[in-house]
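Thanks for passing this one along. Here are my notes, set out as numbered points so that you can follow them with the viewer open.

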Amino acid sequence: MSTTGASGYQNLNVRLDAIVNDSSAAVLSRAYMDPSTRLAVILGTGLNAAIHLPISSLHRSKFGVREFPTAEHTTHVLVNTELSMFGKGAFPTTRWDDHLNAHHILPDYQPMEYLLAGGYLGEIVRLILVEATESAGLFGGVLPPGLSGPFSLETRILAAIEADHYPSLSPSCKLLRDTYSLATPPTPAEMHFIRQVTLAVSRRSQGYFTAAIYALSSLFHEIDAMDSANGLDHISIGCDGSVINKYPGYMQQCQVLLDQMTRMGDPGRKRVVLESAGESAVLGAGVAVAMAHVGKS
């Protein structure tokens, strides 16, 4: 039974006009505010991206059994990239990455997501701390029981540690002690080591994420017809998700890296600007419905 039919059966006045996923909704919501938006990314627990491309840039096979749209009716298409599934063999990995992947319920299924998304940053740090406990005597050589289970170290804890700028790191120490019921709090030296590990893992995440975004944005420079008529001097990327929007300094550092890549790669390229697209799932769905109504009229 269709959604509309099921709603009518329950005497609910509901009609389904549009279905959009998270990344496509982010493109629509940000493009509604900023016409220079051509790409959107979701980086929270998981990772995804959608990109706005000319129909001419896609092979006919992409449309399967559907009729290939003609330019007079459709000029562009919104592509859900499933970005999380790319990246196998593209980025350097560590033994902790390899351990995470090998013990995952779906090894190699979303290789890029495993390296940089919020659902996995905490686990990568935890695996490093486990090894440091066994080989270097971290936590006095005894791993706290609360950190013994896979994925027990959440990325929100890393964010709090990274945001802690007290020389003693006492707020972070208290957070770890209270969250994991530590009998003995980490020493100042141990806390500084934990923060260094956290910074290294988050910085790598930012680098890998930025490399992926730079690669996607390169499509716009290869397809001159995309922007030749609008006169825009930059490309905006809508960003939604807890990591990209809330992890301390994450988006800002990614912007710095994007600017560096542009200067080093091709100074003549348009600047790529990251913009927050909060609540995009709701706003994007609203834009999609409005567009559906315009199309029918």
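The points below go from the sheet and its helices to the empty spaces and then to two single residues.

1. A word on the source before anything else: this is a predicted model. Please read each value below as computed from that model.

2. Let's begin with the sheet. Its 5 strands make an open sheet with mixed pairing, and the order across it is β3-β2-β1-β4-β5. At the edges sit β3, residues 76-80, and β5, residues 271-276, each of which pairs on one side only. If you like a number for the twist, neighbouring strands are turned by 20 degrees against each other on average, with direction ignored.

3. Strand β4 deserves a closer look. Residues 234-240 make up β4, which pairs with β1 (residues 37-43) in the parallel sense over 5 bridges. Two of the partnerships can be named: leucine 39 has isoleucine 237 of β4 as its bridge partner, and isoleucine 42 has aspartate 240 of β4. Towards β5, the pairing of β4 is again in the parallel sense, over 6 bridges. There, cysteine 239 has serine 276 of β5 as its bridge partner.

4. How much of β4 is buried? The count is 6 of its 7 residues, so the rest of the structure largely encloses this strand.

5. Two helices are worth viewing together with the sheet. Helix α2, residues 22-33, lies across β1, β2 (47-54), β3, β4 and β5, and it runs at about 135 degrees to β1. Helix α10, residues 250-265, also packs on the sheet, where it touches β1, β4 and β5. The direction of α10 makes about 170 degrees with that of β5.

6. On to the empty spaces, starting with the enclosed kind. A search of the whole structure turns up 1 cavity of 30 Å³ or more, and the volume of the largest cavity is about 40 Å³. Which residues line the largest cavity? They are Leu129, Phe139, Leu147, Leu153, Leu158, Ile161, Leu176 and Ile194. By class, that gives 8 nonpolar residues, with no polar and no charged ones.

7. The largest pocket holds about 520 Å³ of space. Its lining counts 17 residues, and those nearest the centre are Leu28, His52, Leu78, Ala288 and Met291. Elements giving two or more residues to this lining are α2, β1, β3 and α11 (280-296). Helix α2 provides the largest share, with 4 residues. If you plan to look at the chemistry of this pocket, the lining divides into 13 nonpolar, 3 polar and 1 charged.

8. The second largest pocket has a volume of about 380 Å³. It is lined by 17 residues, of which Leu53, Leu58, Lys62, Val79 and Asn80 are the closest to its centre. Two or more residues of the lining come from each of β2, β3 and α8 (188-222). The largest share, 4 residues, belongs to β3, which is also an edge strand of the sheet. The classes here are 12 nonpolar, 3 polar and 2 charged residues.

9. Is serine 280 buried or exposed? Its relative accessibility is 1%, which is under the 20% cut-off, so it counts as buried. Serine 280 belongs to helix α11. Leaving aside neighbours within four places in sequence, serine 280 is in contact with Asp22, Ala25, Ala26, Ser29, Ile42, Asp240 and Ala285. Two of these contacts take us back to the sheet, for Ile42 and Asp240 are the bridge partners named in point 3.

10. My last residue is isoleucine 128, in helix α5 (residues 118-136). With a relative accessibility of 13%, isoleucine 128 also falls under 20% and therefore counts as buried. What does isoleucine 128 touch, not counting residues up to four places away in sequence? The answer is Trp96, Val197 and Val201. For a sense of distance, isoleucine 128 and glutamine 253 lie 23 Å apart in space, C-alpha to C-alpha, and 125 residues apart in sequence.

Key. Residues numbered from 1 in each chain as written. Predicted model: local features only at pLDDT ≥ 70, side-chain atom pairs only at ≥ 80, totals over all residues. Heavy atoms only, no water. Pairing = 2+ DSSP bridges. Axes fitted to C-alpha atoms, helices over the stretch in contact; angles between N-to-C directions. Contact = heavy atoms within 4.5 Å. 1 Å grid on protein atoms, 1.4 Å probe; cavity = no way out; pocket = protein on both sides within 12 Å on 5 of 7 lines; lining within 4 Å. Points joined across faces, edges and corners; volume = space filled by probe spheres on them. Nonpolar A, V, L, I, M, F, W, Y, C, P; charged D, E, K, R; others polar. Buried < 20%, exposed > 50% of the residue type's maximum accessible area, 1.4 Å probe, protein only.
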